[in-house]
Amino acid sequence: MLKPDAVLANNAGAITKMIEEAGFRIVAMKKTNLSSELAGKFYEVHKERGFYGELVTYMSSGSIIPMILEKENAVEDFRKLIGATDPKKAEAGTIRALFAKSIDANAIHGSDSDENAAIEGSFFFSQFERF
Ligand code: CMP
């Protein structure tokens, strides 16, 4: 999911190009917005964390672009491509090193397991309910 900072800065094209060049196939993609209720639901696993409120406010502050991506070993390879959550710790050349502005405005989110990829994919794309 491209986050509001990436979309607002017109970096969606550049980031999507990196994703495709890294061998991912875009199976579904759209531009949309999250209400704070929906952002809260998407990030429900972080509900008890101190940063949850700010994260929800931030993620509902502007447009996002969720995608379903396909590749062998997709979860691990995508996490390598996007880099560490905190852009200050992200390896040079990764999407977050290149485009992220802060730990919340960190350009992009990637699923952390195949199971969560299926849950998060169906959150945005009803045709992938049985993904
Ligand atoms: P993301 O991969 O979207 O998953 C949860 C998000 O919470 C994370 O990226 C960050 O943007 C945000 N976040 C803010 N503070 C923290 C923190 N201390 N640790 C992890 N994630 C954080």
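Colleague: Which residues are around the ligand?

Modeller: In this predicted model, the residues around the ligand are K3, Y43, H46, F51, L55, T85, R96, I103, D104, N106 and H109.

Colleague: What kinds of residues make up that shell, by nonpolar, polar and charged?

Modeller: Four are nonpolar, four are polar and three are charged. K3, R96 and D104 are in the shell, and they count as charged because Lys, Arg and Asp belong to that class.

Colleague: What makes the pair between K3 and the ligand a polar contact?

Modeller: A polar side-chain atom of K3 is 2.7 Å from an oxygen atom of the ligand. The cut-off for N or O atoms is 3.5 Å, so this pair counts.

Colleague: And how do you know that N106 and H109 qualify?

Modeller: Same routine! For H109, a side-chain N or O atom sits 3.0 Å from a ligand oxygen. For N106 the distance is 3.4 Å, which is still within 3.5 Å, so that one counts too. On top of that, the protein covers 79% of the 450 Å² of accessible area that the ligand has on its own.

Colleague: Which pocket does the ligand take up?

Modeller: The ligand's space is the largest pocket.

Colleague: Okay, away from the ligand: why is the E21 and K17 pair called a salt bridge?

Modeller: Their closest N and O atoms are 3.0 Å apart. The limit is 4 Å between a Lys or Arg nitrogen and an Asp or Glu carboxyl oxygen, so the pair passes. The structure holds three salt bridges.

Colleague: Where do E21 and K17 lie?

Modeller: Both are in helix α2 (residues 12-21), four residues apart, or about one turn of the helix.

Conventions: Residues are numbered from 1 along each chain as its sequence is written. This is a predicted model: local features need pLDDT of at least 70, side-chain atom pairs count only at pLDDT 80 or more; totals for chains, interfaces and linings use all residues. Side-chain values use heavy atoms; hydrogens and water are left out. A residue is near a molecule or strand if one of its heavy atoms lies within 4 Å of it. A polar contact is a pair of N or O atoms within 3.5 Å; within protein, one must be able to donate a hydrogen and the other to accept it, and residues adjacent in sequence count only if both atoms are side-chain atoms. Accessible areas come from the Shrake-Rupley method with a 1.4 Å probe; for residues, only the protein chains shown count as cover. On a 1 Å grid over the protein atoms alone, a cavity is a set of points where a 1.4 Å probe fits but cannot get out, and a pocket is an open set with protein on both sides within 12 Å along at least five of seven lines; lining residues have an atom within 4 Å of a point. A molecule sits in a cavity or pocket if more than half of its atoms lie within 2 Å of its grid points. A salt bridge is a side-chain nitrogen of Lys or Arg within 4 Å of a carboxyl oxygen of Asp or Glu. Helices (H or I, at least four residues) and strands (E, at least two) are DSSP runs, numbered from the N terminus.
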